[in-house]
Amino acid sequence: MTEPILNVEDLSVRISGLHILQGVSFTVAPTGVTVLLGRNGVGKTTTLRAIVGLTPPAGEVRGTVRMGAQSLLARPTHRLVRGGLGYVPEDRCVFAGLTVAENLRLAERRGVSPAYDKVFALFPELDRRGRQRAGSLSGGQQQMLAIGRVLLNDNRLLLVDEPTKGLAPKVVTEVAEVLERVAESVPVLLVEQNLAVVRRLARDAVVLAAGKVAWTGDAQELLLETALTRSLLGVGSGESQHLAEPGRAAPGKDQH
Amino acid sequence: MGTVILLTLTGLGLAALYFLVASGLSLVFGLADVLNFAHGLFLGVGAYATWWAAGNLPGAGSDGFGFVLAVVFGVAAGTLVAVLVELVLIRPLYSRTIEQVLVTVGLSLAGVALLQATWGADARPFPRPDWTRQVTGILGAQVPNGGLLLIIAAVLVLGALLAFLRWTRYGLVIRAGVENREMVTALGIDVRKAFTLVFAIGGAAAALAGALGGVYFGTVSPGQGSSLLIFAFIVVVIGGMGSVVGSAYAAVVVGLVQQFVNYYGTSGLGDICVVGLLAVVLLLRPQGIAGKVATA
């Protein structure tokens with residue numbers, strides 16, 4: 001059996017008195033996409049942020065997180081990232097006042113050759129829009145920039161938080177295609193609400209409920225169990241596919 | 001006409017002084033979220049170190065290259081103190097706003113007390129080149145050379161800061177960090193180095209303000225930094241936290257308003273008008289002229 005790339009054990013996070021994660025344990029396989037699912041507010045983003053060391057200073061984090069043999073929780077974020085933990089945050093977080101080229105240049109590291117060829121092959125538009133301010137890009141283009149920025153360097157694991165949030169269906173499909181290609185070479189821990197994207201990408205699933213792990217296993221099996229997805233995620237897998245299948249309109253979410 | 005020219009240029013001289021103090025203050029707040037009440041101390045250190053060097057440092061003096069050397073010494077001393085303050089006192093307190101305010105206010109008071117204890121509370125004559133005591137005729141106005149020196153220095157510092165922010169790697173990191181510090185860290189960048197750097201830049205600019213302010217006013221006193229800091233804070237808020245260009249615009253507005261109103265109205269009314277201007281900006285445009293953007 002292959003060793004997991006990420007091992008999360010008994011992870012607890014308290015922020016401002018709220019016990020958001022209450023002893024979360026799961027693993028991420030060394031290949032493919034592991035998806036972190038759950039209803040709004042169960043702690044999916046908090047989990048990713050705790051792994052990458054971005055819990056607010058007022059927060060308290062306990063437990064163990066290991067990437068390979070390396071313990072992560074005591075290390076500062078910039079060291080984790082330089083060590084191969086790539087992070088694409090929720091809401092993109094591109095630097096709106098900087099140009100696309102400057103956003104990318106920021107991710108360059110001394111002594112490491114940035115993989116512009118790979119990034120521009122995935123996102124040719126970023127090459128064409130190098131001098132455009134990132135704040136004037138569409139939501140989809142900003143998402144591509146956020147992913148491209150991380151892919152400039154080699155990663156051992158990618159944490160990707162709701163990459164399709166608020167995107168037009170066509171762009172959702174494009175982002176899913178890119179993540180599919182990325183996941184061929186680097187494992188991904190993905191937070192995603194769009195079950196059609198999950199169906200397309202995910203091999204393993206971890207479902208959170210009320211700050212705890214409620215279910216782990218094969219993502220495709222989970223999606224076949226309508227009663228299970230309804231109880232864990234509050235939506236039947238068939239309904240969600242209809243609502244958010246790439247290529248179909250997601251009402252009220254078109255920001256392209 | 002001559003009076004208007006004179007008031008404009010002396011107002012710009014005052015604006016230059018405010019800008020030199022405010023630019024660093026603004027970058028420090030914009031990037032590190034530190035409201036540094038000890039920033040006036042860097043000005044005081046720069047002024048007193050220049051004053052001391054002119055009389056005691058071999059090769060330094062009150063004229064020619066000797067004066068340049070004295071100013072360089074003063075700027076270096078202010079920069080060193082700023083870096084030490086960041087490394088020793090501020091670094092352990094990032095994200096602890098109340099403690100930061102307490103420490104920087106305490107340091108500001110202690111710094112003034114230390115200067116007083118060492119060199120006395122009275123203002124001391126500042127060693128300065130003879131030509132800075134003279135005036136230059138510009139469009140019928142006799143403008144003090146000390147003020148013109150301040151304006152030239154501020155323009156050069158503004159240009160250098162903008163070039164640094166626009167063209168260097170650390171400038172890019174600072175501009176990005178002012179927007180979203182956390183995301184800079186998440187790209188693998190140790191943002192604490194940039195914090196130290198902006199403190200050094202701010203300390204150097206404030207120390208230069210101290211040295212050239214000594215030339216402008218003709219004296220140096222322990223409380224000079226604190227009194228200028230109040231107006232520098234007003235400039236930072238009006239200009240927009242984190243914006244060097246915003247600070248430059250705001251400094252010009254504050255300097256000119258102060259100078260013209262103090263001359264044509266009652267003495268001191270200009271200061272009140274500046275506070276009124278601050279209130280108006282806070283009500284109508286709380287993010288300031290440029291908002292939270294490290295403009296390059």
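# Close-up views of a predicted two-chain model

**View 1. Helices α2 and α3 of chain B cross each other.** The axes of helix α2 (residues 39–56) and helix α3 (residues 64–90) of chain B come within 7 Å and cross at roughly 145°, and the crossing of α2(B) and α3(B) is right-handed. This arrangement, like every other one described in these legends, belongs to a predicted model. On the side of α2(B), the contact is made by L41(B), F42(B), V45(B), G46(B), A47(B), A49(B), T50(B), A53(B) and A54(B). On the side of α3(B), the residues that make the contact are F67(B), A70(B), V71(B), F73(B), G74(B), V75(B), A77(B), G78(B), V81(B) and A82(B). Sorted by character, the residues of this contact of α2(B) with α3(B) comprise 15 nonpolar, four polar and no charged.

**View 2. Two residues from the crossing helices, G46(B) and V71(B), are seen with their surroundings.** G46(B), which is found in helix α2 of chain B, has 35 C-beta neighbours inside 10 Å and therefore counts as buried. If residues up to four places away in sequence are left aside, G46(B) touches G74(B), V75(B), A77(B), G78(B), A206(B), A207(B), L208(B), G210(B) and A211(B). Although G46(B) and A205(B) are 159 residues apart along the chain, their C-alpha atoms are separated by 9.3 Å. V71(B) has its place in helix α3 of chain B and is buried, because 24 other C-beta atoms lie within 10 Å and the cut-off for a buried residue is 20 or more. Leaving aside residues up to four places away in sequence, V71(B) touches T50(B) and A211(B). From V71(B) to G61(B), which are 10 residues apart in sequence, the C-alpha to C-alpha distance is 9.7 Å.

**View 3. Chain B is shown as a whole, as the setting for the two views above.** The secondary structure of chain B comes to 10 helices and four strands, and these follow one another along the sequence in the pattern α-α-α-α-β-β-β-α-α-α-β-α-α-α. The radius of gyration of chain B is 19 Å, close to the 19 Å that the globule rule gives for 296 residues, so chain B is as compact as a globular protein of that length. Along its principal axes, the C-alpha trace of chain B spans about 55 × 50 × 35 Å. Of the 296 residues of chain B, 55% count as buried. Among the contacts in chain B with a separation of 6 or more, 78% are accounted for by residues 24 or more positions apart.

**View 4. An open sheet of six strands in chain A carries a helix.** The strands of this open sheet in chain A stand in the order β6-β7-β8-β3-β9-β10, and their pairing is mixed. At the edges are β6 (85–88) and β10 (212–218) of chain A, each of which pairs on one side only. Neighbouring strands of the sheet are turned by 15° against each other on average, direction ignored. Helix α6 (residues 139–151) of chain A packs on the sheet, where it touches β6 and β7 (157–161) of chain A, and the direction of α6 makes about 170° with that of β6(A). Elsewhere in the sheet, strand β3 (residues 33–37) and strand β8 (residues 188–191) of chain A pair in the parallel sense over four bridges, with V191(A) in β8(A) as the bridge partner of L36(A).

**View 5. A hairpin and a second loop of chain A each hold a residue with a positive phi.** Strand β9 (residues 202–209) of chain A and β10(A) run antiparallel and are joined by six bridges, and A205(A) stands opposite G217(A) in β10(A). β9(A) and β10(A) form a hairpin with two residues between them. In the turn, A210(A) has a positive phi of about 50° although it is not a glycine, and A210(A) is partly exposed, with 13 other C-beta atoms within 10 Å. S16(A), found in the loop between β1 (6–15) and β2 (18–28) of chain A, is likewise a residue other than glycine with a positive phi, here near 50°. With 8 C-beta neighbours inside 10 Å, S16(A) counts as exposed.

**View 6. Chain A meets chain B.** In this view, 20 residues of chain A are in contact with 15 residues of chain B. Helices α2 (77–82) and α3 (100–106) of chain A each supply at least two residues of the side of chain A that touches chain B, and α2(A) gives the most, with four residues. The residues on this side of chain A divide into 12 nonpolar, three polar and five charged.

Technical notes:
Residues are numbered from 1 along each chain as its sequence is written. Chains are lettered from A and ligands numbered from 1 in the order in which they are written. This is a predicted model: local features need pLDDT of at least 70, side-chain atom pairs count only at pLDDT 80 or more; totals for chains, interfaces and linings use all residues. Two strands pair if DSSP finds at least two bridges between them. Axes are lines fitted to C-alpha atoms, for helices over the stretch in contact, and angles run from 0 to 180 degrees between N-to-C directions. Two residues are in contact if their C-beta atoms, placed from the backbone, lie within 7 Å. Ala, Val, Leu, Ile, Met, Phe, Trp, Tyr, Cys and Pro count as nonpolar, Asp, Glu, Lys and Arg as charged, and the others, Gly among them, as polar. A crossing is left-handed if the near helix is turned anticlockwise from the far one by less than a right angle, and right-handed if clockwise. The radius of gyration is taken over C-alpha atoms; the globule rule is 2.2 Å times the number of residues to the power 0.38. A residue is buried if 20 or more other C-beta atoms lie within 10 Å of its own, exposed if 12 or fewer, and partly exposed in between; C-beta atoms are placed from the backbone.
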